[in-house]
Amino acid sequence: MKLSSGKEAEIPENALHIRGFRIFKEYLDKAAQRALVEDLREVVRAAPLFSPVTPGGKKMSVQMTSAGNYGWYSDKNGYRYAAQHPSGNDWPPIPQPVLRIWADLVSAARSPDCCLVNHYRDTARMGMHQDRDEADFSWPVLSISLGDEALFRMGNLTRGGKTESIWLHSGDVVVMGGEARLRYHGVDRIKPGTSQLLLKGGRINLTCRVVD
Ligand code: SIN
Ligand code: MN
């Protein structure tokens, strides 16, 4: 919006701001969530979910796959982006609605290279970590939550210290950019049975990243 002074006015956005994390509650309505789940069925058909192993040899409790030019991958050789699914096939394209959300909340100038699909069942969790396998941290990471509620914890630029948590619900979208881009974050637990969106329950989280 242009002011009479010629300066751009701040457009107030409908987001919670916690430690630089921009949290858009109920960004996707039920119909948009259902349509996205249908698109993700195609993704998972082409690139089945797998259970990654940490460099230390521990099986992660989330299952994952990816869409886009790169997929995030982990095994005893380390965390990295891979150009192919473990099957040797290319990753499927990122669903259009995801690209639209990215264009609306992050940038229309460049699309993400990777949409990581994390599937949390019952006791799955994600330990506190930084997203730092990407080349350019000026690009935010965009996170979309679908299905059961999850307790999302936001920390600091180094491990430890005080943290703040928020329950992410189906349809919520988080942008981790600026001062939040390298903050530690994780998912302590999900609350099984809090959403009917996924036929077999659980939670799906999508994180979109510019990789190189
Ligand atoms: C992640 O940080 O990779 C996942 C965050 C989430 O599941 O909400
Ligand atoms: Mn992360």
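**Exercise 1.** Which residues does Leu-206 touch, not counting residues up to four places away in sequence?

*Solution.* The model is predicted. Begin by placing the residue: Leu-206 belongs to strand E13. Next, list its contacts beyond four places in sequence: Leu-36, Leu-40, Val-98, Cys-115, Leu-116, Val-117, Leu-142, Ser-143 and Ile-144. Finally, consider the separation along the chain: Thr-65 lies 141 residues from Leu-206, yet 9.8 Å separates their C-alpha atoms.

**Exercise 2.** Determine whether Leu-206 is buried or exposed.

*Solution.* The cut-off for a buried residue is a relative accessible area under 20%. Leu-206 has a relative accessible area of 0% and is therefore buried.

**Exercise 3.** Establish the strand order of the open sheet and identify its edge strands.

*Solution.* The sheet has 7 strands, ordered E1-E2-E11-E8-E13-E6-E3, and its pairing is antiparallel. Strands E1 (16–18) and E3 (63–68) each pair on one side only and are thus the edge strands. From one strand to the next, the twist averages 20°. At the E1 end, E1 pairs with strand E2 (residues 21–24) in the antiparallel sense over 3 bridges. Within E2, Arg-22 is the bridge partner of His-17.

**Exercise 4.** Describe how helices H1 and H2 lie across the strands.

*Solution.* Take helix H1 (residues 30–46) to begin: it lies across E3, E6 (114–120), E8 (141–147) and E13 (203–209). Its direction is at about 100° to E8. Then turn to helix H2 (residues 96–105), which lies across E2, E6, E8, E11 (173–176) and E13. Helix H2 runs at about 130° to E8.

Methods:
Residues numbered from 1 in each chain as written. Chains lettered and ligands numbered in written order. Predicted model: local features only at pLDDT ≥ 70, side-chain atom pairs only at ≥ 80, totals over all residues. Heavy atoms only, no water. Pairing = 2+ DSSP bridges. Helix = DSSP H or I, 4+ residues; strand = E, 2+ residues; numbered from the N terminus. Axes fitted to C-alpha atoms, helices over the stretch in contact; angles between N-to-C directions. Contact = heavy atoms within 4.5 Å. Buried < 20%, exposed > 50% of the residue type's maximum accessible area, 1.4 Å probe, protein only.
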